[in-house]
Amino acid sequence: MSVLCRTFHRLLRRSLQSAVKHEGLIKPAAVCGLHTTTVLPSESRSTSQNLSCQALTHRGLVRVAGKDASDFLQGLITNDMRCMEKDCSTLYAMMLNVQGRVLYDMIIYKINELSEEPCYLMEVENTVVQDIIKDMKRYKLRKKVDLTPVQDEYTIWAIFPESSDTLDELNVKVTKPESSISFSSDPRLKNFGCRMILPSDVKASEVLNDISATSDPAAYHIKRYRLGLGEGPLDHPPGNCFPLECNADFLNGVSFDKGCYIGQELTARSHHTGVIRKRLMPIKLNRTDCDIEPGQKVHNAVDKNVGKFRNAVRDYGLALLRVADVKGPLTVTTPNGDVVEVTANKPCWWPQE
């Protein structure tokens, strides 16, 4: 890894750590392979799931609005925007380069209240807001669509069960607060909770009943790392990973029958061959007092290189690993030469073999 790349990753990690320090339901129904909101009666509310909420200050928003907004996004992302013309209000997707490698991962929200014309809010990492606008504008041509950063106007909130990593559906309904711009189940995993977008001057505690802000500033990141859920450029290094390696096919993030989009050919070919040797997997470190560089090699018990370390918060993290070679103990070495033991497991939400 070059010095420039190492510097870039180090800055990203510091940004994430800074976000962690400052950051303090809904039953999903399948539509087009995605999750949409099913309203449940208030008496079905369960307090046993210990729901918490957290402001995702490391995430930003881009408003994509205009007559051609849907068609514009359709040609750029891995998922099918036509699902949002039905009952789906939230969509997970990725934007690829022409070689089929991931540039950005995103969550798209259908927001009709903000404009008379088609309007969407696109959630990405704060650090890449300007980059994705610049890259998307290259394909704008004469399409009637505007891209505007609005992360200063709105805040994204996550509502999730801190204690559970099972696949039990969240049998909880919180009526959409009047002040919220969007309130829906997470489109990636049914047990990861909900996402809510509020005006930046409104706090979730002001509009949600019986759900308080988590006391752990790292709770959101630890929760998704325990589940094995990648997010942002630290987990999906731009231009250095493929969507199926990032589990986009398992996370409702890619459509294989939508037609052409940037990077579609290699993605479709990989899917139809059925051979995905490496995937992003959750790992647990045996210590928390270590600083492992992203991209460090991971070795198995016989010292075979089985993949690359991505990132970790405390003792939970992610690594891109060869699925067939991760049995038994694994190790990764810090820049100081310290050997850290890690264990990897297949996420509970992967399809059963």
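# Chatting through a predicted model

Reader: Let's start with D315. Leaving aside its neighbours within four places in sequence, which residues is D315 in contact with?
Author: Happy to! This is a predicted model. In it, D315 touches I283, K284, L285, R287 and T288, once neighbours within four places in sequence are set aside.

Reader: Where is D315 found?
Author: D315 sits in the loop between strand 15 (305-313) and strand 16 (316-322).

Reader: Does D315 count as buried or exposed, and why?
Author: Buried, because its relative accessibility is 18% and the cut-off for buried is under 20%.

Reader: And which side chain is joined to that of D315 by a polar contact?
Author: That would be K284, with a polar contact of 2.9 Å between the two side chains.

Reader: K284 takes me to strand 13 (residues 278-285). How many of its residues are buried?
Author: Six of the eight, so to speak a mostly covered strand.

Reader: How many bridges does strand 13 have with strand 16, and in which sense do they pair?
Author: There are seven bridges, and the pairing is antiparallel. One pair to look at is M281, which stands opposite A319 in strand 16.

Reader: What about strand 13 and strand 18 (residues 339-344)?
Author: Those two are antiparallel as well, over three bridges. Here L285 of strand 13 faces V342 in strand 18. L285 is also one of the residues in contact with D315.

Reader: Nice. Another aspartate now: where is D216 found?
Author: D216 is in the loop between strand 12 (212-213) and helix 4. With a relative accessible area of 19%, D216 is buried.

Reader: What does the side chain of D216 make a polar contact with?
Author: The side chain of R314, at 2.9 Å. A polar atom of the D216 side chain also lies 3.0 Å from the backbone nitrogen of A218. Beyond its neighbours within four places in sequence, D216 is in contact with Q54, I222 and R314.

Reader: I222 is in helix 4, then. How many residues of helix 4 (residues 219-227) are buried?
Author: Eight of the nine, which leaves the helix mostly covered. The buried ones are A219, Y220, H221, I222, K223, R224, Y225 and L227.

Reader: Which residue follows helix 4?
Author: G228, and its phi is positive, near 85°.

Reader: Changing topic: what is the strand order in the open sheet of five strands?
Author: The order is 5-6-7-4-8, with antiparallel pairing. Strand 5 (90-96) and strand 8 (146-149) are the edges, each pairing on one side only. From one strand to the next, the twist averages 30°.

Reader: How many bridges join strand 4 (residues 59-65) to strand 8?
Author: Four, with the two strands running antiparallel. Among the residues involved, V64 has L147 of strand 8 as its bridge partner.

Reader: Which strands does helix 3 (residues 129-137) lie across?
Author: Helix 3 lies across strand 4, strand 5, strand 6 (102-110), strand 7 (119-125) and strand 8, and runs at about 170° to strand 8.

Reader: Which residues of helix 3 are buried?
Author: V129, I132, I133, D135 and M136. They cover an arc of only 170° around the axis, so they fall on the same side of helix 3. The face turned away from that side carries the exposed Q130 and K134.

Reader: And what do the buried residues of helix 3 pack against?
Author: Strand 4, strand 5, strand 6, strand 7 and strand 8, plus helix 2 (69-74).

Reader: Got time for strand 11 (residues 194-199)? Why is it largely enclosed?
Author: Sure! Strand 11 is largely enclosed by the rest of the structure because five of its six residues are buried. Strand 9 (residues 154-161) is joined to strand 11 by six bridges, and strand 10 (residues 182-185) by four. Both pairings run antiparallel.

Reader: Which residues stand opposite I197?
Author: I156 does, and so does S182.

Reader: Last one: what percentage of the chain's residues are buried?
Author: Buried residues make up 54% of the 353. The chain has six helices and 18 strands, and its accessible surface comes to about 16000 Å², 47% of it belonging to carbon and sulfur atoms.

Note on methods
Residues are numbered from 1 along each chain as its sequence is written. This is a predicted model: local features need pLDDT of at least 70, side-chain atom pairs count only at pLDDT 80 or more; totals for chains, interfaces and linings use all residues. Side-chain values use heavy atoms; hydrogens and water are left out. Two strands pair if DSSP finds at least two bridges between them. Axes are lines fitted to C-alpha atoms, for helices over the stretch in contact, and angles run from 0 to 180 degrees between N-to-C directions. Contact means heavy atoms within 4.5 Å. Buried means under 20% relative accessible area, exposed over 50%, partly exposed in between (1.4 Å probe, protein chains only). Accessible areas come from the Shrake-Rupley method with a 1.4 Å probe; for residues, only the protein chains shown count as cover. The arc is that of the directions from the helix axis to the C-beta atoms. A polar contact is a pair of N or O atoms within 3.5 Å; within protein, one must be able to donate a hydrogen and the other to accept it, and residues adjacent in sequence count only if both atoms are side-chain atoms.
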